[in-house]
Amino acid sequence: MRDLVTGMRYLGRGQRWVAGHGRWWGFGLIPALIALVLYAAVLTVLVLWSGDIAAWATPFADGWSSPWQGLLRGLFVALLVAAGLLLSVLTFTAVTLLIGDPFYEALSEQVEESEGRCPRSPDRPLWREIWIALRDSVHVLLRAAPFGIVLFVLGFVPFIGQTVIPAVGFCVSGFFLAVELTSVAMQRRDIPVRERLRLLRGRKALAVGFGTPIVLLFLIPFVAVVLMPGAVAGATLLVRDLVPDEEEAPADGTDAGAPGPHGQPQAGGPPYAPGAARHPQVPAAPGGGFGPPPPRFTTEEGPRQAPGLPQPPHGPGRSAGPGPDGW
């Protein structure tokens with residue numbers, strides 16, 4: 001229950017962020033307005049040609065007398081337009097994010113910068129980013145399609161189909177809408193779409209609490225355009241808390257823990273090289289590197305360490321005589 005309320009709060013935080021940054025709100029409206037014009041044009045064409053489509057799809061009713069032919073084709077037109085509107089609601093966010101990938105990427109980065117540190121985006125060309133966004137949207141749509149089919153069939157069950165199933169359908173749509181909206185910040189962190197789904201499945205209530213109110217609000221005409229920038233901002237804030245931040249790089253630009261010129265870790269790295277055996281007789285030097293080897297001396301019996309230090313074991317096959325370096 002706490003995650004459900006927290007998800008709703010992220011939506012409110014995102015809307016408050018864009019309300020306090022009016023220029024970025026206007027900037028984020030551009031892709032939504034473009035998508036709105038495209039959808040309006042497609043739906044207008046669908047309505048104008050719906051009669052011809054109904055006549056083409058029902059040739060068996062050509063010989064029917066009035067009013068049965070008109071009733072059948074009128075019902076077909078109504079279902080066709082309703083299906084077009086439903087499909088528009090389900091795909092509007094994905095299409096808007098695809099059109100506005102550079103817009104929402106800049107908006108999301110600004111949100112992260114205002115909150116603190118912004119992760120570095122992968123160095124990819126724009127066409128590659130758009131292709132990844134399109135591929136991921138198709139993947140999410142294919143994941144959501146079976147749920148839609150099952151819920152559509154269950155909708156014909158008396159009573160349950162008119163009460164419980166619509167509520168479940170809104171929650172399912174809200175979850176997948178949250179997946180779509182968080183894709184901007186997730187893609188910047190180079191998190192693949194399957195991992196995004198796994199992360200949000202682990203916090204289903206959080207995703208549903210964030211996405212379901214947006215689904216309900218998007219059913220109101222033109223509201224999707226107004227709320228879209230704030231939805232992206234809220235999704236970015238959600239991702240910042242959902243995905244742990246990576247360790248920041250050292251200020252001097254060096255790679256902490258990377259081998260130095262002599263194979264030893266650089267300053268600021270771990271006290272032992274990754275994968276190296278931690279030998280208790282080799283103390284770490286200040287700053288994390290290896291210290292000098294303990295003093296050794298040679299006797300007639302072979303090399304020895306300085307007094308007071310444990311003697312190195314001589315296993316079978318190990319020579320106690322001097323090695324290539326004279327020890």
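Me: Which residues make the nonpolar surface patch of about 570 Å²?

Reply: In this predicted model, the patch is made by Val150, Leu154, Val157, Phe159, Ile160, Val164 and Val168. Helix 5 (126-154) and helix 6 (160-188) each supply at least two residues of the patch. The largest share, three residues, comes from helix 6.

Me: What makes Phe159 "exposed"?

Reply: The relative accessible area of Phe159 is 62%. The word exposed applies to values over 50%, and therefore Phe159 is called exposed. Phe159 is placed in the loop between helix 5 and helix 6.

Me: Why is Phe147 called "partly exposed"?

Reply: Phe147 has a relative accessible area of 45%. Buried requires a value under 20%, exposed a value over 50%, and partly exposed covers what lies in between. The value of 45% falls in between, so Phe147 is partly exposed. Phe147 belongs to helix 5. Its C-alpha lies 7.7 Å from that of Val172, and the two residues are 25 apart in sequence.

Me: How is Asp190 to be classed, with a relative accessible area of 47%?

Reply: Asp190 is partly exposed, because 47% lies between the limits of 20% and 50%. The position of Asp190 is in the loop between helix 6 and helix 7 (193-201).

Me: What is noted about the phi angles of Phe159 and Asp190?

Reply: Phe159 has a positive phi of about 65° although Phe159 is not a glycine. Asp190, also a residue other than glycine, has a positive phi near 60°.

Me: How much space lies in the largest pocket, and which residues are closest to its centre?

Reply: The largest pocket holds about 1300 Å³ of space. It is lined by 38 residues, and those closest to the centre are Leu86, Leu87, Leu90, Gly148 and Ser173.

Me: Which helices each supply at least two residues of the lining of the largest pocket?

Reply: They are helix 3 (68-99), helix 5 (126-154), helix 6 (160-188) and helix 8 (204-218).

Me: How many residues of each class are in the lining of the largest pocket?

Reply: The lining has 29 nonpolar, eight polar and one charged residues.

Me: Why do Leu86 and Gly148, both among the residues closest to the centre, fall into nonpolar and polar classes respectively?

Reply: Leu is on the list of nonpolar residues, so Leu86 counts as nonpolar. Gly is counted among the polar residues, and therefore Gly148 is polar by this convention.

Notes: Residues numbered from 1 in each chain as written. Predicted model: local features only at pLDDT ≥ 70, side-chain atom pairs only at ≥ 80, totals over all residues. Heavy atoms only, no water. 1 Å grid on protein atoms, 1.4 Å probe; cavity = no way out; pocket = protein on both sides within 12 Å on 5 of 7 lines; lining within 4 Å. Points joined across faces, edges and corners; volume = space filled by probe spheres on them. Helix = DSSP H or I, 4+ residues; strand = E, 2+ residues; numbered from the N terminus. Patch = residues over 30% accessible without salt bridge, like charges linked within 9 Å, V, L, I, M, F, W, Y side chains within 5 Å. Areas by Shrake-Rupley, 256 points an atom, 1.4 Å probe, with all protein chains shown as cover. Salt bridge = Lys/Arg side-chain N within 4 Å of Asp/Glu carboxyl O. Buried < 20%, exposed > 50% of the residue type's maximum accessible area, 1.4 Å probe, protein only.
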